[in-house]
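The following exercises are to be worked with the sequence and the coordinates at hand. Each task is followed by a solution in steps.

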Amino acid sequence: MDALNEARELTVGEATKRGVAGLITDVEKCGPVAVARHGRRVVAVVPMSRLTELAEAAADLSELAKSAAAPGRLTSFDDVLAAFGHTRESLAAVEDDDSLDG
């Protein structure tokens, strides 16, 4: 499941009526909430744990990209997997993307 595509959507007016406390309760109970203005999603409210995971993944990818981009340096797929704490076997054990969303 792609958490943001599956997020419950509210209009700005609905989000305003829910208020901050209501939005927080919704996210804690049901997961991410997307807020749309004129039919276009403009903001998402996500659990802090998910935001932290995304920030850590972005930092890992940035560091990996820097090391892989060094002149004359090749990075193997196995080295990339190891950088993220995986092996080919651990990836093979993953049934589908749903298990990665937590």
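**Exercise 1. Salt bridges**

The count comes to 5 salt bridges, a salt bridge being a side-chain nitrogen of Lys or Arg within 4 Å of a carboxyl oxygen of Asp or Glu. The model is a predicted one, in which local features need pLDDT of at least 70 and side-chain atom pairs count only at pLDDT 80 or more, while totals for chains, interfaces and linings use all residues. Residues are numbered from 1 along each chain as its sequence is written, and side-chain values use heavy atoms, with hydrogens and water left out.

Task: determine which residues are linked with D26 in a network of salt bridges, and classify each residue by accessibility.

Solution.

Step 1. D26 forms a salt bridge with R8, the closest N and O atoms being 2.6 Å apart. This pair links distant parts of the chain, since D26 is in helix 1 and R8 in strand 1, 18 residues apart. Here helices (H or I, at least four residues) and strands (E, at least two) are DSSP runs, numbered from the N terminus.

Step 2. R18 also forms a salt bridge with D26, with 2.7 Å between the closest N and O atoms. R8, R18 and D26 are thus linked in a network.

Step 3. The classes are buried (under 20% relative accessible area), exposed (over 50%) and partly exposed (in between), computed with a 1.4 Å probe on protein chains only. D26 is buried because its relative accessible area is 9%. R8, at 38%, counts as partly exposed, and R18 is partly exposed with a relative accessible area of 38%.

Task: locate the salt bridge of D78 and state which elements it ties together.

Solution.

Step 1. The side chains of D78 and R88 meet in a salt bridge of 2.6 Å, N to O.

Step 2. D78 lies in helix 3 (residues 77-83) and R88 in helix 4 (residues 88-92), so the pair ties together parts that are 10 residues apart in sequence.

Step 3. D78 counts as partly exposed because its relative accessibility is 38%; R88 is partly exposed as well, with a relative accessible area of 47%.

**Exercise 2. The course of helix 1**

Task: compare the end-to-end distance of helix 1 with the span of a straight helix, and state where helix 1 bends.

Solution.

Step 1. Helix 1 covers residues 12-30 and has 19 residues. The expected span is 1.5 Å times one less than the number of residues, and a straight helix would reach 27 Å. The end C-alpha atoms of helix 1 are only 18 Å apart.

Step 2. Helix 1 bends by about 100° at G19, where the bend is the angle between axes fitted to the seven residues ending at a residue and the seven starting there.

Step 3. Just after helix 1, G31 takes a positive phi of about 100°.

Task: identify the buried residues of helix 1 and the strands against which they pack.

Solution.

Step 1. A15, G22, L23, D26 and V27 are buried in helix 1.

Step 2. These buried residues pack against strand 1 (8-11), strand 2 (33-37) and strand 3, contact meaning heavy atoms within 4.5 Å.

**Exercise 3. The sheet**

Task: give the strand order, the edge strands and the orientation of helix 1 relative to strand 1.

Solution.

Step 1. In the order 1-2-3, 3 strands form an open sheet with mixed pairing; two strands pair if DSSP finds at least two bridges between them. Strand 1 and strand 3 are the edge strands, each pairing on one side only. Neighbouring strands are turned by 35° against each other on average, direction ignored.

Step 2. Strand 1 and strand 2 pair in the parallel sense over 4 bridges. R8 stands opposite V33 in strand 2, and T11 stands opposite A36 in strand 2.

Step 3. Helix 1 packs on the sheet, and its direction makes about 140° with that of strand 1. Axes are lines fitted to C-alpha atoms, for helices over the stretch in contact, and angles run from 0 to 180 degrees between N-to-C directions.

Step 4. Strand 2 is mostly covered, with 4 of its 5 residues buried. R40 is in strand 3 (residues 40-45) and counts as exposed because its relative accessibility is 57%.
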